[in-house]
Structures are given as structure tokens and as C-alpha cells.
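Reader: I should like to go through the charged side chains of this structure and ask on what grounds each label is given. Please set the values against the criteria as we proceed.

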Amino acid sequence: MATKIFISYKYSDKNVSPLKGQLEEAFNPTTVRTYVDKLEGYFDRSEFAIYKGESNNEDLSYLNENEIWKKLKDRIFDSTVTIVMISPCMKEPYRHDRSQWIPWEISYSLKETTRNDRTSHSNALLAIVLPDSKNNYRYYLQDNNCYNCTCNCYNFDIIFDILRENMLNKKDKEQKYCSSNKIIYSGDPSYIMTVKWSDFLISPQKYINIAIERKNHIDEYVTRKEV
């Protein structure tokens, strides 16, 4: 059975690596939505996934915020995996999390909701980090090479609280100290797994399956479901 996927993202963030030719970029620059279009196209051609989010040619501008939110909730309710696209300006720094769309979409994805005797359980969640305008990931994800190990460091300051608090949230995490006396977590310490865009493209189904496997063991994590 195909997996139904909803994508949460900052539509207009332009601070991402361009996917178009130089001339087209001058008139219609790449945004996070451009990356979502690529995923939507891929899922539409695949046999393992069904895209449940809004399409780029779908006009919701005639709706008020409550009507838009109702449509989004309907689509999240009918999905089993939520992908969150991490981009450099996904979070507006001078606005509270509660006044931005992405935290609410994550929250609704994690809640168990009953409608007409049908219950939608917590979605699996997967965070895909997009490359910035210089085609690197260091704004959020940076390799840390110590003497005896290689690990990843995350810049949690740029993401929403509900996203951050569902990472490194396993009740019984495997950890050790590296030569720089920093804590290194191994195994699957986060309910929301993080993967680079370039790695995800190599094997999308692999990473979606990993997210689903963590969902199957959600009781092993301390999940935050409220914005």
C-alpha cells in the first residue's frame, strides 16, 4: 500500500540553492516550493508514495485562514508521514511560533484525532535539510571532525521549538563522550530524523521507511505535540 505524505514548508523562502537555469532564476527564482514540486513529481511517479499536500497551481488565496487551516488538517488527517523541509529562513524570528503555519502542521501531525469513528494516529515525521544559496548545509547541519570520531552538530536556533523538542528525545538514548568532551548520540535518538536533501534523493523510500519504523516505536520517545 502506498504511503500518504504531507509536506510542511516555508513556501517563499528564497535562501536555497537554485534548481533552475540562470535566466529563469533571474525572473522566477527557486524557493522551497520548487523543491516541494520536485518531490511531488517524484511521488506521483512512484508506486510507494501519494502526495497529500497542496499543488503549486492550487489557488487558496480566496480562502480565509480558518478555511485554509481546515483544508490542511483534512490532508494531514489523511496522511501517515509528514515531511518537514528545513530551510534557512523557515522561521520568522520576530513572530511567535504560534503565529506561523509550520508548528501547527507538526502539532496536528503528532496528535491522535478522531473523526466520524475513524482515528488518525501520530504521523511519522522526517526532516529534510535543504542546501542554502551557497549550496551547503552548514547553516543547520555541520560535520564535526574530532580526533577519534565524526559526528553532526545541529543549529537548533533556526528551527521551531516543537521541531527541536522532538529531536534527541528518546527516553533511553545511547550516548558517549568524544575526545572534545562533547556528547555523541548513536542509534536512533530522535523521533524526527534529519537527512540532507542530497542524501534523501538517493533513496527516498529508505528514509521514509526509517521514519515509519520510528513511528511504530513512538512510545520510546518523549514527544511534544502542542505548539
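Author: The model is a predicted one. A suitable place to begin is the pair Lys-10 and Glu-92, whose side chains meet in a salt bridge, with N to O at 2.4 Å.

Reader: What makes the pair Lys-10 and Glu-92 a salt bridge?

Author: The criterion asks for a side-chain nitrogen of Lys or Arg within 4 Å of a carboxyl oxygen of Asp or Glu. Lys-10 and Glu-92 have an N to O distance of 2.4 Å, so the pair meets the criterion.

Reader: Which parts of the chain does the pair link?

Author: The pair links distant parts, 82 residues apart. Lys-10 is in the loop between β1 (3-8) and α1 (22-27), and Glu-92 is in the loop between β3 (81-86) and α4 (101-110).

Reader: Why is Glu-92 called partly exposed?

Author: Its relative accessibility is 25%. Buried means under 20% and exposed means over 50%, so Glu-92 falls in between and counts as partly exposed.

Reader: How do you know that Lys-70 and Asp-74 form a salt bridge, and where do they lie?

Author: Their closest N and O atoms are 3.5 Å apart, and the limit is 4 Å; the pair therefore qualifies. Both residues lie in helix α3 (residues 65-77), four residues apart, about one turn of the helix.

Reader: Are Lys-70 and Asp-74 exposed or partly exposed?

Author: Lys-70 has a relative accessible area of 52% and is exposed, because the label requires over 50%. Asp-74 has 29% and is therefore partly exposed.

Reader: What makes Arg-164 and Glu-165 a salt bridge?

Author: The closest N and O atoms of Arg-164 and Glu-165 are 3.6 Å apart, which is within the 4 Å limit. Arg-164, at 29% relative accessibility, counts as partly exposed, and Glu-165, at 33%, is partly exposed. Elsewhere, salt bridges that share partners join Lys-4, Lys-52, Asp-78 and Arg-118 into one network.

Reader: How many salt bridges does a search of the whole structure find?

Author: The search finds 15.

Reader: Why is Asp-132 said to have no salt bridge?

Author: The nearest side chain of opposite charge, Arg-138, is 6.9 Å away. A salt bridge needs a distance within 4 Å, so Asp-132 has none, although it is buried.

Reader: What does the side chain of Asp-132 reach?

Author: It reaches the backbone nitrogen of Lys-134 at 2.9 Å. Asp-132 is found in the loop between β6 (124-129) and β7 (141-145). Leaving aside neighbours within four places in sequence, its contacts include Pro-88 and Tyr-139.

Technical notes. Residues numbered from 1 in each chain as written. Predicted model: local features only at pLDDT ≥ 70, side-chain atom pairs only at ≥ 80, totals over all residues. Heavy atoms only, no water. Helix = DSSP H or I, 4+ residues; strand = E, 2+ residues; numbered from the N terminus. Buried < 20%, exposed > 50% of the residue type's maximum accessible area, 1.4 Å probe, protein only. Lys, Arg positive; Asp, Glu negative; His and termini not counted. Polar contact = N/O pair within 3.5 Å; in protein donor to acceptor, adjacent residues only side chain to side chain. Contact = heavy atoms within 4.5 Å.
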